[in-house]
Amino acid sequence: MRAPTTILVTGGAGFIGSHTCVELLDHGYKLIVIDNYSNSSSQVFNRIEKVTDRFVGAVYELDIRDRHALSAVFDRHPIDAVVHFAAHKAVGESTRMPIEYYDTNVAGTTALLRAMHEHEVHQLVFSSSCSIYGDAGRGPLDESTPARPTNPYASSKWICEQILADVCARIPEFTVLCLRYFNPVGAHPSGLLGEDPRGTPDNLMPTVAQVAIGRLSRLRVFGDDYSTPDGTAIRDYLHVMDTAEAHRIALDRLSDTSGMHVFNLGVGKGQSVLEVVAAFGAASGSPIPFRVVPRRAGDVPELVADAGAVNRAWGWRPRRNLADMCGDSWRFQRRNPLGYAQ
Ligand code: UD1
């Protein structure tokens, strides 16, 4: 199969999407980007152009569920492959808005598959999540760990994976590389691009960054009574630039692949909430004020990747450590105290 050169990136204005756009432009890919800006900003494209010194390409404001608009993008551009990020991703919100999550994440994915198939585009890199493993217990989890999603967000990703596997089995032209992220954090080292959630952040790293800059008064640590060494929950934090690089390698590899393959993206090492707090304090030069509050509903004690499969398949391994993640995240926060909006 011909190696892809023109890539449609859905959700390209978002956190992982924007960093992946940088990585793809830096490696000579041509981009077409779509985003509905539901949790992102079009400001990000100026930043991507500054960082890469390249033109982003055609950018469309559209919702992936809008079949006509989506089809028009495929009509207009010679797209070779798609990287599909566009989705809702907040676990807590998904429990309050399950229909919205299934509609955007599942119906959005089937709308995209239909448009791809109609336009004879069959190469896809899909953004999945370790949350599909649910509370799978201790120790690094490999891709054979049974999926046991515990919230609508995780279920929506698992349903998409099953749809994609079935589509690949029945329409042999399709090739799908499905990447299950653990916890991508950090920012581009320039300080120009980073994570800029709308409203109060839900996730740990952007919350810690906003405490460090003084936008929030202190971090709430959700539980210190887990059976972990310091009592706080453990996750596998992965630098967003390493995550972006894995997507670029996936695209490089798509043309010599067939069917569907699933890979975990993680470091393979767990860090507790308090370890992240200490590392961020060291990066920012002052301790992060926090107080311990009860556990957050739906949280599990530990989620750590066995990321051996992707390393064996592609030789990819994350290069950045927790100090890099905190340092880069802090640089973005310091340079953009109010995010992209300022
Ligand atoms: C969740 C999802 C993940 C999704 C990610 C991004 C699960 C298992 N994982 O990750 O798939 O991609 O969100 O939305 O559902 N914490 C605090 N205080 C805070 C915020 C977080 O103590 O203010 C703690 C949490 O309790 C958790 C850790 O920090 O132990 C990481 O939380 P977070 O950054 O929200 O990510 P996950 O919940 O692991």
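# A walk through a predicted model and its ligand

Visitor: Let's start with aspartate 142: which loop is it in?
Guide: This is a predicted model, so we are reading computed geometry throughout. In it, aspartate 142 sits outside the helices and strands, in the loop that runs between strand S5 (123-129) and helix H6 (152-170).

Visitor: Is aspartate 142 buried, partly exposed or exposed?
Guide: Buried would need under 20% relative accessible area, and exposed over 50%. Aspartate 142 has 30%, so the label is partly exposed.

Visitor: Which residues does aspartate 142 contact, leaving aside neighbours within four places in sequence?
Guide: There is a link to a distant stretch of chain here: the C-alpha atoms of aspartate 142 and valine 304 are 9.2 Å apart, with their positions 162 residues apart along the chain. Close in sequence, the side chain of aspartate 142 has a polar contact with the side chain of serine 144 at 2.6 Å. With the neighbours within four places set aside, the contacts are Tyr133, Asn264 and Asp306.

Visitor: Asparagine 151 lies in the loop between S5 and H6 too. Which residues does it touch, not counting those up to four places away?
Guide: Asparagine 151 has a relative accessible area of 9%, so it counts as buried. Its side chain reaches the backbone nitrogen of tyrosine 153 at 3.2 Å. Beyond four places in sequence, asparagine 151 touches Val91, Ser94 and Thr95.

Visitor: On to the ligand. Which residues are the closest to it?
Guide: The ligand has 21 residues around it. By character, these divide into 10 nonpolar, 5 polar and 6 charged. The closest are Ser129, Leu204, Arg220, Arg235 and Asp299.

Visitor: How far is the polar side-chain atom of serine 129 from an oxygen atom of the ligand?
Guide: Let's take the other polar pairs before that one. Leucine 204 uses a backbone N or O atom, 2.8 Å from a ligand oxygen, while arginine 296 brings a side-chain N or O atom to 2.9 Å from a ligand oxygen. For the polar side-chain atom of serine 129, the distance to an oxygen atom of the ligand is 2.6 Å.

Visitor: And how much of the ligand's accessible area does the protein cover?
Guide: On its own, the ligand has 750 Å² of accessible area. The share of this that the protein covers is 91%.

Visitor: Which element gives the largest share of the shell around the ligand?
Guide: Two elements give two or more residues to that shell, helix H7 (204-213) and strand S8 (219-222). The largest share is 4 residues, and it comes from S8.

Visitor: Leucine 192 is in the loop between strand S7 (183-185) and H7. Is it buried or exposed?
Guide: Leaving aside neighbours within four places, leucine 192 is in contact with Arg47, Lys50, Val51, Phe332, Arg335 and Tyr340. Its C-alpha atom is also 10.0 Å from that of aspartate 328, 136 residues away along the chain. Its relative accessibility is 15%, so leucine 192 counts as buried.

Visitor: What is phi for tyrosine 37?
Guide: Most residues other than glycine have a negative phi. Tyrosine 37, in the loop between strand S2 (30-35) and helix H2 (44-52), has a positive value instead. This residue is buried, with a relative accessible area of 14%. Its phi is near 55 degrees.

Visitor: Glutamate 120 has a positive phi as well. Is it buried or exposed?
Guide: Glutamate 120 has a phi of about 55 degrees and is not a glycine. Its place is the loop between helix H5 (98-118) and S5. At 68% relative accessibility, it is over the 50% cut-off, so glutamate 120 counts as exposed.

Visitor: Zooming out, what is the radius of gyration of the protein chain?
Guide: The chain has 11 helices and 14 strands, and its C-alpha atoms fill a box of roughly 55 × 45 × 40 Å along the principal axes. For 342 residues, a compact globule would come out near 20 Å. The chain agrees with that, at 19 Å.

Visitor: What percentage of the residues in the protein chain are buried?
Guide: The chain exposes about 14,200 Å², with carbon and sulfur atoms supplying 49% of it. Among contacts between residues at least 6 apart in sequence, 81% join residues at least 24 apart. Of the 342 residues, the buried ones make up 57%.

How values were computed: Residues numbered from 1 in each chain as written. Predicted model: local features only at pLDDT ≥ 70, side-chain atom pairs only at ≥ 80, totals over all residues. Heavy atoms only, no water. Near = heavy atom within 4 Å. Polar contact = N/O pair within 3.5 Å; in protein donor to acceptor, adjacent residues only side chain to side chain. Areas by Shrake-Rupley, 256 points an atom, 1.4 Å probe, with all protein chains shown as cover. Nonpolar A, V, L, I, M, F, W, Y, C, P; charged D, E, K, R; others polar. Rg over C-alpha atoms; globule rule 2.2 N^0.38 Å. Buried < 20%, exposed > 50% of the residue type's maximum accessible area, 1.4 Å probe, protein only. Contact = heavy atoms within 4.5 Å.
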